[in-house]
Amino acid sequence: MNFLNKYFTTGVLMLAALPWASAADVWVEAESFGNKGGWVLDQQFMDQMGSPYLMAHGMGVPVADADTEISIPESGRYTVYVRTFNWTSPWKQGEGPGRFKVKVGGKTLPATVGAEGDRWEWQCAGRISLKAGVHKLALHDLTGFNGRCDAIVLTTDEDVRLPDGGDALLAARRAALGLDKAVAGRADYDLVVIGGGIAGMCAAVSAARGGMNVALVNDRPVLGGNNSSEVRVHLGGYAEVGPNKGLGRMIREFGHSRAGNAKPADFYEDARKDSFILNEPGVTLYPCYRAMSVTTEGNRISTVTIQNIENNSEIVLGAPLFSDCTGDGTIGFLAGADYTQGRESRCQYNEPLAPEVADNMTMGASIQWYTRKDRKPVRFPEFSYGLEFNDSNCERVTMGEWKWETGMNRDQVSEAETVRDYGMMVIYSNWSYLKNHLADNGKYRDRSLDWVAYISGKRESRRLLGDYILKQDDIDKNVFHEDASFTTTWSLDLHFPDPENSRKFPGGEFKAATNHVYIHPYAVPYRCLYSRNIDNLFMAGRNISVTHVALGTVRVMRTTGMMGEVVGMAASLCRKYGVSPREIYRSHLPELRNMMQAGAGKPAAELPDNQRFNLPGQLLEKPRMLKE
C-alpha cells in the first residue's frame, strides 16, 4: 500500500513533511470520516474553501456522531485543533448555535467548538494523552443546528501555528493529502460534461446517442441538480414544441410524474435519473467529483481536473470538447471565457424590463422547507441570532417554497455560503418564534420541521457569453434566427426582493416577488450555447449566453434539458467533421436542424406506459402557476 492509498483508506495522514509539523502530527479531513453518522457532506463551497466539510444538519435535533479510525504514530500528549466556523456570526456577535465536541479514544475533549469567532478558523478542542496505535475519532453534535467541521489536526507541538486560510491553507492541505506528489489518474473522452443537473444529463446522453464517448461529472451523490430530492424543484416549462419538436422527448425517460416544489423526496424520482444515465452505454458517470481546475492551450481547454468530495483523489479528464453545465459557469470562468453577472442597464440592449442603471442584483437562491403534524405538542429550541421576529413580521406558514429566496443583493458565487446560511437562519428563527413566542400558536404546537434543504436552489450567477446574446427584444418581437434551436415557453419571470418583506427586514429580505410577462414560444439561437472566446466550450443551463431579462424565460429545467440535448447533438457533429462548435453554425446547420427535429429521445412507442407523459410546468395562456 503506497503513501497516498494509505491516506485514502484510513482518512489520516502524518504531517512530518510540512514545515510547521512534527513527526507525530496527524491531519484528518472531516469529509473522509468512514461513518458520517447524522452529519452531511457539504461540497457547495469548495471553490472558495478548497475542501468540503461535514455539517450537523439536524433541524434543531442533535445528530448522531460521525466517527473514523486514526493511527497515532507515537505515544504522547496531543493538542486537538478543529477547523470550524460560527456560521451565524455575520448577523450576531457572540456564541452561535453550531456547537459540538470532539471525542478521541472514547473520551470527550473539554472544549466546545463551532460557536465562537467570526470566520473559518482553527479552534482548540482540548488536550489528551494517547498511546501509539489506532484510536476512534468522533464529532459529537450538541444542537442539531449546523455545526461544521472542515479538518482536524492532532499535534504534540503546543506552540504550533496552523495555516488559517488562503493559499497557505490550500498548500498545507494538498501537502498533507499528498496531492502534489501523487500522480493523478487520467481518462480521455470525446466530450466531458461538467454538471449533473437536467442540462448536463441531457447533454451527456444526447452526445452518447450520437456515437460519442462521454464523461459526466457530478459533484453530488444524486443527479438532477435543482430537480433532485436534495433541492426539490419541479421541472418547469414545455418540451416538444416549436420548430424542433423532437427536442425534449428524452425528458420523458426520467422526468417526474408529479409536479410541485418542496414535496417529499419520492416526488423527484432520483432512481429514474440514475437509471437514465447508468443505462446509457456511451456515458461514464463520475459521481461525487467536483471540477477544480482547467488547463488551456491558447483558446482551447485541454483538461479538467476533478476532485473526489470524500477522499480528495484527483482525476484529469481530457477531451477535444467540453460542456459547462455547472450553473455557475465554473469551467468557463476557470478557462477565461467571457462572462457577465447581474442586471444590464435598460439602454444596453433596449430592454424595457431592465433597470435604468446596471447593477449586480441577481435572482436569489431558495432553501425550501416543510413541516409535519405530530400526535402531540413538540418543542423547538430557542433560536435567535440577529434576525428578530415578532407578531407583526413573522411568517405564519408551515412550509416555505420558491418565494423563500435569499442573496439577491449578494454575489451568488463568492458569497454562496453566506446566502445559504441566511436562508437556513431565517427558517429556524421564524419557526422558533412561531413555536415559542407567538401568542396564538395553536396551529404550530403539534408540528415539527420535517425537511429543510441545505443544498441551495440557485437561479442565477455567471452567464457565459456566446456568439449571440439572447435579449428581451428577440422574444418580444419573435425575431427569427436561422439557427433556431430549443424553444423556451416560460414567462419572463424575473424575481426581485418582495417589497413588503424588504420593508419589514430592510437589507435582510428573504422573500421574493415576481411579475410574469407571458411570451409566445420562442426558439433560441444555437449561438447562445457555445463560448465566443473559448473555441471548444459548449454551455447548457442557466449559464448560457443571455441577458438577465432573457434568463427569466430560459432558466427552467425542461428548457435547460433541451439546451443540453442540442449541445450533445452539436458535439457529435463536431466530432464527425473535426470542427469547433462555431463551425457547426457556419457550415453544418442543416444537419443539426434535422437532428433537432428528430430529437435524441426514445420514440414514445418504446417507452413504458408510466413514461408516456410530459407534465407542463406552466401553461402558455393564463396558467395555474407552478413557480420556480
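Helices and strands are here taken as DSSP runs, numbered from the N terminus, with at least four residues for a helix and at least two for a strand. With that naming, Glu-509 falls in the loop between α10 (499-504) and β29 (512-517). The model is a predicted one, and this briefing takes up a four-stranded sheet, an enclosed cavity with the residues around it, and two asparagines with positive phi.

**The open sheet**

- Four strands, in the order β12-β18-β17-β16, make up an open sheet in which the pairing is mixed.
- At its edges stand β12 (185-188) and β16 (289-297), each of which pairs on one side only, and neighbouring strands of this sheet are turned against each other by 25° on average when direction is ignored.
- Strand β12 runs parallel to β18 (residues 314-318), and the two are joined by four bridges.
- Within this part of the sheet, Gly-185 is the residue that stands opposite Ile-315 in β18.

**The second largest cavity**

- A probe the size of a water molecule, rolled over the atoms, shows where empty space is left.
- Two cavities of 30 Å³ or more are counted in the model, and the second largest cavity has a volume of about 30 Å³.
- The lining of the second largest cavity consists of Ile-367, Trp-404, Glu-405, Thr-406, Gly-423, Val-426, Ile-427 and Phe-510.
- By character, these lining residues divide into five nonpolar, two polar and one charged.
- Both β24 (405-406) and α7 (416-436) supply at least two residues of this lining, and α7 gives the most, with three residues.

**Arg-459 and its polar contacts**

- Arg-459 is located in the loop that lies between β25 (447-452) and β26 (463-464).
- With a relative accessible area of 7%, Arg-459 is under the 20% cut-off and therefore counts as buried.
- The side chain of Arg-459 makes a polar contact of 3.3 Å with the side chain of Glu-405, and Glu-405 is also one of the residues that line the second largest cavity.
- A polar atom of the Arg-459 side chain also lies 3.1 Å from the backbone oxygen of Gly-364.

**Glu-509 and Trp-404**

- Glu-509 has a relative accessible area of 12%, and because this is under 20% the residue is classed as buried.
- Although Glu-509 and Trp-404 are 105 residues apart in sequence, their C-alpha atoms are 9.4 Å apart in space.
- Trp-404 is itself among the residues lining the second largest cavity, as is Phe-510.

**Two asparagines with positive phi**

- Asn-146, which is found in strand β11 (residues 145-155), has a phi near 65°, a positive value in a residue other than glycine.
- The relative accessibility of Asn-146 is 0%, so this residue counts as buried.
- Asn-312 likewise is not a glycine and has a positive phi, of about 70°; its place is in the loop between β17 (300-308) and β18.
- Asn-312 is buried as well, because its relative accessible area is 0%.
- The loop that holds Asn-312 connects this residue to the sheet described above, in which β18 and β17 are neighbours in the strand order.

Key
Residues numbered from 1 in each chain as written. Predicted model: local features only at pLDDT ≥ 70, side-chain atom pairs only at ≥ 80, totals over all residues. Heavy atoms only, no water. Pairing = 2+ DSSP bridges. Axes fitted to C-alpha atoms, helices over the stretch in contact; angles between N-to-C directions. 1 Å grid on protein atoms, 1.4 Å probe; cavity = no way out; pocket = protein on both sides within 12 Å on 5 of 7 lines; lining within 4 Å. Points joined across faces, edges and corners; volume = space filled by probe spheres on them. Nonpolar A, V, L, I, M, F, W, Y, C, P; charged D, E, K, R; others polar. Buried < 20%, exposed > 50% of the residue type's maximum accessible area, 1.4 Å probe, protein only. Polar contact = N/O pair within 3.5 Å; in protein donor to acceptor, adjacent residues only side chain to side chain.
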